[in-house]
Amino acid sequence: MTELTIRQRRIFDFIRTEAQAGRPVPTLREIAHNFGFRSHRAAACHVNALIQKGFLQGEPRRARSLRVVSHSQRLRIVNIPLLGHIPAGFAQNREQEVIGCVSLDVESAGFTPSQNTFALQVKGDSMIARHIEPGDIIILERGPQPRDGQIVSALIDGEVTLKTFVQRKGKSYLKAENPKYPDMLPTHELTIQGVFRGLIRKATE
């Protein structure tokens with residue numbers, strides 16, 4: 001899980017102690033006074049950070065609305081940024097943009113997401129032999145070097161796509177998992193943006 005700074009930890013402990021004692025959650029004014037902040041804005045910034053890191057729930061500028069998130073809840077569910085769509089077909093020249101987030105149950109996923117974990121929604125059918133279908137949301141990890149046969153999000157000659165990473169005789173290329181699509185050999189550039197970690201599929205009606 002995301003770690004807290006020393007000041008964030010003290011503010012969280014202060015809020016949690018008040019809540020556990022059955023008293024109202026401290027207001028921003030009370031937090032600022034307790035920690036010697038000159039303005040409520042400083043308190044609001046720390047409270048917002050605690051919300052973003054999953055230690056509190058509520059509206060950052062309405063301290064009375066805050067609720068302490070238990071340790072077990074923080075370990076079980078994490079939010080992962082959803083960075084738009086990725087073509088599982090022919091590569092497309094597009095930039096990734098944050099369009100929301102997806103919640104992941106860590107126990108079910110079988111791994112603990114990090115700050116390098118992100119999600120993309122699949123468009124296209126080039127990966128159906130690996131059981132990845134249009135509309136699926138894939139979870140990827142930015143950073144690790146892919147092994148032969150792993151599914152990757154890749155930038156190939158300036159265009160992004162989702163394919164299987166293949167290494168043969170010292171050369172790397174991308175392989176589609178649908179005979180309708182050709183293999184993709186880089187002319188100039190092949191950059192791995194993320195390595196596949198998991199998949200989320202919405203239930204059909």
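The questions and replies below look at how a few terms apply to this predicted model.

Me: What kind of model is this, and which atoms do the side-chain values use?
Reply: The model is predicted, so local features need pLDDT of at least 70 and side-chain atom pairs count only at pLDDT 80 or more, while totals for chains, interfaces and linings use all residues. Residues are numbered from 1 along each chain as its sequence is written, and side-chain values use heavy atoms, with hydrogens and water left out.

Me: Why is Phe12 called buried?
Reply: Buried means under 20% relative accessible area, exposed means over 50% and partly exposed lies in between, with a 1.4 Å probe and protein chains only; Phe12 has a relative accessible area of 0%, so Phe12 is buried.

Me: What makes Phe12 and Phe55 an edge-to-face pair?
Reply: Rings of Phe, Tyr and Trp (its six-membered ring) pair if their centres lie within 6.5 Å, and planes under 30 degrees apart count as stacked, over 60 as edge-to-face and the rest as tilted. The rings of Phe12 and Phe55 are 5.3 Å apart centre to centre, with 80 degrees between the planes, and the pair is therefore edge-to-face.

Me: Why is strand E5 said to be largely enclosed by the rest of the structure?
Reply: In strand E5 (residues 117-123; strands are DSSP runs of E of at least two residues, numbered from the N terminus), 6 of the 7 residues are buried, so the strand is largely enclosed.

Me: How do you know that E5 pairs with strand E6?
Reply: Two strands pair if DSSP finds at least two bridges between them; E5 and E6 (residues 137-141) have 5 bridges in the antiparallel sense, and Leu120 stands opposite Ile138 in E6.

Methods
Helix = DSSP H or I, 4+ residues; strand = E, 2+ residues; numbered from the N terminus.
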